[in-house]
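Here are a few notes to read with the model open beside you. Take them one at a time, and look for each feature as you go.

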Amino acid sequence: QVQLVESGGGLVQAGSSLRLSCAASGRTFSPYPMAWFRQAPGKEREFVGGITYSGRTDHADSGKGRVAISRDSAKNTVYLQMNSLNPEDTAVYSCAADHLSPYGAYVPLQTSGYGYWGQGTQVTVSS
């Protein structure tokens, strides 16, 4: 059974940093892109950032300069480092993994590009 389990969320003050982790089990995702999405109350799920098998990353404009994606293929884990958090970053953050397009050169930006999803971890940023 494939599982993606996020951790590292919580309540932080504006200006703080957080590092989220997503540990995958049940199969290896090293050949596939993995990504982070977030969903705030009343809003659509949106792309935060992702990483290809080779380490190429892509980020949403809202996070550029504040967000870094990395992965440890040996641990089947992807990370999301977020700095200078602000209240607009408050959301449930979910990781996702593709399972159909190995060794791709680009990170899918749409939710339809991913077949496996974690349950999400809440990030709340207070002002």
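1. Let us begin with a single residue in this predicted model. Arg66 has a relative accessibility of 15%, so this arginine counts as buried, the cut-off for that label being under 20%. To find Arg66, look in the loop that runs between β6 (57-59) and β7 (67-72).

2. What is Arg66 in contact with, once its neighbours within four places in sequence are left aside? The partners are Gln81, Met82, Asn83, Ser84, Leu85, Asn86 and Asp89. Try showing the side chain of Arg66 together with Asp89, one of these partners.

3. Now step back to the whole chain. How many helices and how many strands does the protein chain have? There are 11 strands and 0 helices. Following the sequence from start to end, you meet the pattern β-β-β-β-β-β-β-β-β-β-β. The radius of gyration is 14 Å, close to the 14 Å that the globule rule gives for 127 residues, so the chain is as compact as a globular protein of that length.

4. For a sense of the dimensions, the C-alpha atoms fill a box of roughly 40 × 30 × 30 Å along the principal axes. Of the 127 residues in the protein chain, 41% count as buried, and Arg66 counts as buried too. The accessible surface of the chain comes to about 6500 Å², with 46% of that area belonging to carbon and sulfur atoms.

5. Contacts across the sequence are worth a look as well. Take the contacts between residues at least 6 apart in sequence: 62% of them join residues at least 24 apart.

6. Next, the cysteines. A disulfide is a covalent bond between the sulfur atoms of two cysteines. The count here comes to 1 disulfide, formed by Cys22 and Cys95, whose sulfur atoms are 1.9 Å apart. This pair links distant parts of the chain: Cys22 belongs to strand β3 (residues 18-25) and Cys95 to strand β9 (residues 91-97), with their positions 73 residues apart in the numbering.

7. Are these two cysteines buried or exposed? Both Cys22 and Cys95 are buried. The torsion about their S-S bond is about 40°, so the disulfide is right-handed.

8. Last, the charges. The protein chain carries 10 positive and 9 negative charges, and the mean positions of the two groups are 5 Å apart.

Conventions
Residues are numbered from 1 along each chain as its sequence is written. This is a predicted model: local features need pLDDT of at least 70, side-chain atom pairs count only at pLDDT 80 or more; totals for chains, interfaces and linings use all residues. Side-chain values use heavy atoms; hydrogens and water are left out. Helices (H or I, at least four residues) and strands (E, at least two) are DSSP runs, numbered from the N terminus. The radius of gyration is taken over C-alpha atoms; the globule rule is 2.2 Å times the number of residues to the power 0.38. Buried means under 20% relative accessible area, exposed over 50%, partly exposed in between (1.4 Å probe, protein chains only). Contact means heavy atoms within 4.5 Å. Accessible areas come from the Shrake-Rupley method with a 1.4 Å probe; for residues, only the protein chains shown count as cover. Lys and Arg count as positive and Asp and Glu as negative; His and the chain ends are not counted. The place of a charge is taken as NZ of Lys, CZ of Arg, CG of Asp or CD of Glu. A disulfide is a pair of cysteine sulfur atoms within 2.5 Å.
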